[in-house]
Amino acid sequence: MPPVPEVVAVTELAPGSAATSGAAAVPAISTPRAPRGAETPPAELDRALSELGDAALGFARMPALEKASLLRSSLPGLLAAARAEVEASCADRGLDPGSAASGEAWLAGPCVTLSQVRRLAEALEDIAARGRPRLGRGAVRARADGRIEVEVFPTRLKDAALHGPLRARVLMQPGATRESVREEQARFYQQRDPEGGVALVLGAGDVAGVPLREALHKLFVEGRVVALAMSPRSAPLGALVERALAPLVARGLLRFVYGGAASGAYLAAHPAVSEVHVTGPAGAHDALVWGPPGLTQARRRASGERLLDKPISSTLGGASPVLVMPWLYGGDELWFQARCLASQVVSGASHGSHAASVLVLPRGFTQRPLLFRMLRRALAAVPPRRAAHPEAEARYAALTAGRAPIEPERLEASADVPLPCGVARIGAPGPGELPWTLIAGLAASDAAEPLFSTEPLGGVLSVVEVGSSDPAEFLEEATRFCNDRLRGSLGATIVVHPMSEEDPAVGAALDRALLDLRYGVIAVNQAPAAAHAAVVPPWGGHPGSTLADIRSGLGFVHNTAMLAQVEKTLLRAPLTAFPRPPGFCDHRRSHVVGERLAACAADPGWGSVARVVAAALRG
């Protein structure tokens, strides 16, 4: 099988999901005419870092209430820019901005950004009033095994109205106590005279809204001023957001710059930069830290000889598994989860760190044929998408080369026989598009399987069978497979029927899997991206990563409760939900929900909440 191409450009970034709806009282912002492909000249890079350095100390010591005011003053501009952002994102993906498909651009872009800005402002106002962001009464508690966990979502009744029955708690690292959770919260703001510094955020291959939000985290959670480096392809969208964030830009707290790998390396090594944050593929991170792929990189990694000797954090991609526990699910329950899985494949054409890439099933799962029939039906209803990443077509060709084509119907044969080995394609793609693709018959023991270590980037879902129809055995084998074979540590999903947890042995096995799976976000009956959308829960790779074995990165972002000592975020949702989630690929009014949700994120009055719910009910 030919080698899979690795994306290593340090600042390569596909212009991705960003947009939000403008309120009637705020004039809409049109897309600026920043030239696509523009790069920031070296002299301007130096000037940007110099200006940031001049502002770093003052910003670090700026009162929390003044920072909150800066954030709130940014909300109108972001809201006014939303529609233009959505249109730019849809143009890049080949989507009709007036169609339901554009909902993913609303939901993954401005809705999240606006919510993050508002929630950060609320957290800073809490810090000004009481020293730390507010946690609910009884939010910090000890588990039966003594480990500490913190309930972080929902924080208020409006969250429940907008996000349904989603719940999120944060499992703290071993050794954390109730007292230390409170003491370590908002660590930066507990310093008497913080020094601050200049952080470089490298948007190395992810959708454009992601590095922006991680820059906001660096600014307002960690107290650094930020140089945000994005791909030249993102220049029009970056210029739009830069104008929307004028309150931060005018104060010299945030600078947008554009360039390729050489510019990224220059900025990272610049003496004015005190720390670096990378978002994108692991290859981009490793090229920055250890040098270009090859023998020299391997030697440096083995000896610990870093090219970049500065504090480095990251949120990177990787293989994201979905585990389906054995049970006799109802038809409506399985259909709901099949659509949830299909939506994770469809969103962004699988270009994004949250996309599901590996389906892990129990051997002997009696409903396997029905699940594949439903999954095929859900995917077939969505027209193939334009490849969102410039490397997607080459990556797809490499990952599917040498594998036999099979008809999707063959995956729906009796569960008594093994799945056929091969590639099942769904849909008729046009030029520049890729079909939705299932690759079955993979051996869980194959350490050399590239699908276990490579983000497919283009609508590919691999299928692996492990364990047996015994839930405890399946979870034990699936946990071992995910931890030892899959490359990545960001997000994982477990589908489980609530009745099965009534069996004490199954409940204990599930709890053990939630503890043992080395992922930063684990979702039960929900996509891990729900943590991203909710903003409050920490988002990042499992803290077991190292610079030499980075997996999905070091550190957590979002985290508007500003918790330290985080090990992972645990999400919970029912097996089915009503109304249909707006992120589902078959939601008929996803774009309407997204536009209204963006306005609600900026100003969550009950009237705005009611408008979102009304649109969701008609989906």
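## Working through a parallel sheet and its helices

In this predicted model, strand β4 (residues 198–203) and strand β5 (residues 225–230) run parallel and are joined by five bridges. Helices (H or I, at least four residues) and strands (E, at least two) are DSSP runs, numbered from the N terminus. Residue numbers start from 1 along each chain as its sequence is written. Local features need pLDDT of at least 70 and side-chain atom pairs count only at pLDDT 80 or more, while totals for chains, interfaces and linings use all residues; side-chain values use heavy atoms, leaving out hydrogens and water.

**Exercise 1. Place β4 in its sheet and find its bridge partners.**

Step 1: Start with the strand order. Five strands make an open sheet, β6-β5-β4-β7-β8, with parallel pairing; two strands pair if DSSP finds at least two bridges between them.

Step 2: Look at the edges. β6 (254–258) and β8 (312–316) each have a single partner strand, so one side of each has no neighbour in the sheet.

Step 3: Now go to β4. On the β5 side, L200 is the bridge partner of A227, and L202 is that of A229. Towards β7, there are five bridges, again parallel, and A199 has E275 as its bridge partner.

**Exercise 2. Decide which way the β4 residues point, and whether the strand is buried or exposed.**

Step 1: Sort the residues. V198, L200 and L202 point one way, and A199, V201 and G203 the other.

Step 2: Check burial (under 20% relative accessible area with a 1.4 Å probe, protein chains only; exposed is over 50%, partly exposed in between). Six of the six β4 residues are buried, so the strand is largely enclosed by the rest of the structure.

**Exercise 3. Describe how α7 packs on α4 and on the sheet.**

Step 1: Get the geometry. Helix α4 (residues 110–130) and helix α7 (residues 209–220) pack at about 10 degrees, with axes 10 Å apart. Axes are lines fitted to C-alpha atoms, for helices over the stretch in contact, and angles run from 0 to 180 degrees between N-to-C directions.

Step 2: Classify it. The two helices are therefore roughly parallel, the label for angles under 35 degrees.

Step 3: List the contact (heavy atoms within 4.5 Å). α4 brings V112, T113, Q116, V117, L120 and L124, and α7 brings L212, R213, L216, H217 and F220.

Step 4: Turn to the sheet. α7 lies across β4, β5, β6, β7 (275–280) and β8, at about 165 degrees to β5.

Technical notes:
Parallel < 35°, antiparallel > 145°, perpendicular 65-115°, else oblique.
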